[in-house]
Amino acid sequence: MSNRPFVHLHCHSHYSLLDGAASIDGLIERTKSLGMNALAITDHGNLHGALEFYQKAKEAGIKPILGYEAYVAPESRHSKEPEDSSYHLTLLAQNAEGFRNLIKLASAAYLEGFYRKPRIDRELLARYHQGLICLSGCVSGEFSRAILRGRREVPDWKQAIEVASWFRDVFGDRYYIEIQNNGLPIQQEAVEGAVQVARRLGLPLVATSDAHYLQREDAAVQDVLLCINTGKYRTDVNRLRMEGDQFYLRS
């Protein structure tokens with residue numbers, strides 16, 4: 001079986017503060033060593049590394065794709081209710097207009113939507129969607145959570161279909177269903193439902209690796225960062241962690 005071209009479209013640098021364990025230089029060097037000709041960075045809630053990444057990737061002959069893993073408020077970004085959480089969503093700039101809209105989204109997330117995290121909402125996405133490619137996100141995305149809820153007892157994808165339909169209506173053919181396999185059972189559950197919904201709605205699939213570090217053996221380093229981030233010890237049983245050691249920049 002021949003190798004197919006692959007580009008990492010969901011990738012975190014150290015600008016995903018106390019979460020990503022890969023430097024910009026390291027990401028570019030590893031991408032080049034793997035024979036890939038392009039790379040995206042999608043840091044959590046910010047564009048802090050965009051300029052550095054763009055310049056260094058161009059110098060190295062790697063096509064830079066500027067992205068952003070947004071935190072999306074379930075309702076309004078202005079809501080500060082304690083029970084409010086946020087969904088993850090992967091956004092990639094398709095062109096200069098798209099990057100300008102990423103800047104507007106990231107700025108509004110801090111200035112208007114900040115509640116524990118910098119958040120946007122559907123209103124902002126509808127306003128600033130031009131020039132952006134939207135991937136449905138990881139298992140913490142609104143679409144995947146709807147899939148996982150719908151798997152209970154008799155599979156029912158109604159809510160997931162509603163979520164995907166809204167994003168398709170906004171982004172058109174720039175909306176993709178994102179699927180991941182980092183060795184986690186919950187991802188496999190999400191993928192099975194996601195593929196069915198994508199087929200039903202005629203939406204394209206895109207595979208990503210949710211890379212948070214360079215090499216497999218760097219998983220322990222990233223885990224230490226998460227402990228610092230959350231004020232926990234590695235020995236704490238009930239703490240935030242990324243299960244397994246497959247969230248690296250894979251070949």
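**Exercise 1. A bridge between two helices**

In this predicted model, which helices hold Glu142 and Arg122, and how many residues apart in sequence are the parts that the pair ties together?

*Solution.* Start with the contact itself: the side chains of Glu142 and Arg122 meet in a salt bridge, with N to O at 3.1 Å. Next, place the two partners. Glu142 sits in helix H5 (residues 142–150) and Arg122 in helix H4, so the bridge ties together parts that are 20 residues apart in sequence. Last, check how open each one is. Buried means under 20% relative accessible area, so Glu142, at 15%, counts as buried. Arg122 has 27%, so Arg122 is partly exposed.

**Exercise 2. A bridge from a loop to a helix**

Where in the chain do Glu123 and Arg77 lie, and is Arg77 buried or exposed?

*Solution.* Step one: the side chains of Glu123 and Arg77 make a salt bridge of 3.2 Å, N to O. Step two: this pair links distant parts of the chain, 46 residues apart. Glu123 is in helix H4 (residues 122–127), while Arg77 is in the loop between strand E2 (63–72) and strand E3 (87–93). Step three: look at accessibility. Arg77 is buried, with a relative accessible area of 4%, whereas Glu123 is partly exposed at 45%.

Now zoom out a little. Arg77 and Glu123 belong to a network of salt bridges that also links Glu112, Asp121 and Arg127.

**Exercise 3. Counting bridges, and one between neighbours**

How many salt bridges does a search of the whole structure find, and which residue does Arg168 pair with?

*Solution.* The search of the whole structure turns up 9 salt bridges. One of them joins Arg168 to Asp169, and their closest N and O atoms are 3.9 Å apart. Does that still make the cut, or does it miss? A salt bridge needs the nitrogen within 4 Å of the carboxyl oxygen, and the 3.9 Å of this pair fits. As for accessibility, Arg168 is partly exposed at 29%, and Asp169 counts as exposed at 59%.

**Exercise 4. Inside the protein**

How many residues are in the largest nonpolar core, and which ones have the most contacts inside it?

*Solution.* Begin with a general idea: in soluble globular proteins, nonpolar side chains tend to be buried together. Here, the largest nonpolar core has 57 residues. The ones with the most contacts inside this core are Tyr68, Leu91, Leu105, Ile120, Phe143, Phe171 and Tyr175. Helix H6 (residues 158–171) gives the largest share of the core, 7 residues. There's also a second, separate core of 8 residues, including Leu9, Ala38, Ala40 and Leu92.

Now pick one residue and follow its contacts. Leaving out residues up to four places away in sequence, Phe143 touches Ser136, Ala160, Val163, Ala164, Tyr175, Ile177, Ala194 and Val197.

**Exercise 5. A nonpolar patch on the outside**

Which residues form a nonpolar patch on the surface, and where does Leu17 lie?

*Solution.* The patch is made of Leu17, Leu18, Val224 and Ile228, which together have about 350 Å² of accessible area. Leu17 lies in the segment before helix H1 (24–33), and Leu18 is in the segment before H1 too. To sort them by accessibility, remember that exposed means over 50%. Leu17 reaches 54%, so Leu17 counts as exposed. Leu18, at 36%, is partly exposed.

**Exercise 6. Unusual backbone angles**

What is the sign of phi at Leu18 and at Arg116?

*Solution.* First, the background: most residues other than glycine have a negative phi. Leu18 goes the other way, with a positive phi near 55°. Arg116 isn't a glycine either, and its phi is positive, at about 70°. Arg116 is found in the loop between helix H3 (96–111) and strand E4 (119–120), and at 61% relative accessibility it counts as exposed.

**Exercise 7. The whole thing**

How many helices and strands are there, and why can we call the protein as compact as a globular one of its length?

*Solution.* Count first: the protein has 8 helices and 7 strands. Then compare sizes: its radius of gyration is 18 Å, close to the 18 Å that the globule rule gives for 251 residues, so the protein is as compact as a globular protein of that length. The C-alpha trace spans about 50 × 45 × 45 Å along its principal axes. Finally, 53% of the 251 residues count as buried.

Key. Residues numbered from 1 in each chain as written. Predicted model: local features only at pLDDT ≥ 70, side-chain atom pairs only at ≥ 80, totals over all residues. Heavy atoms only, no water. Patch = residues over 30% accessible without salt bridge, like charges linked within 9 Å, V, L, I, M, F, W, Y side chains within 5 Å. Areas by Shrake-Rupley, 256 points an atom, 1.4 Å probe, with all protein chains shown as cover. Helix = DSSP H or I, 4+ residues; strand = E, 2+ residues; numbered from the N terminus. Buried < 20%, exposed > 50% of the residue type's maximum accessible area, 1.4 Å probe, protein only. Core = buried A, V, L, I, M, F, W, Y, C linked by side-chain atoms within 4.5 Å. Contact = heavy atoms within 4.5 Å. Rg over C-alpha atoms; globule rule 2.2 N^0.38 Å.
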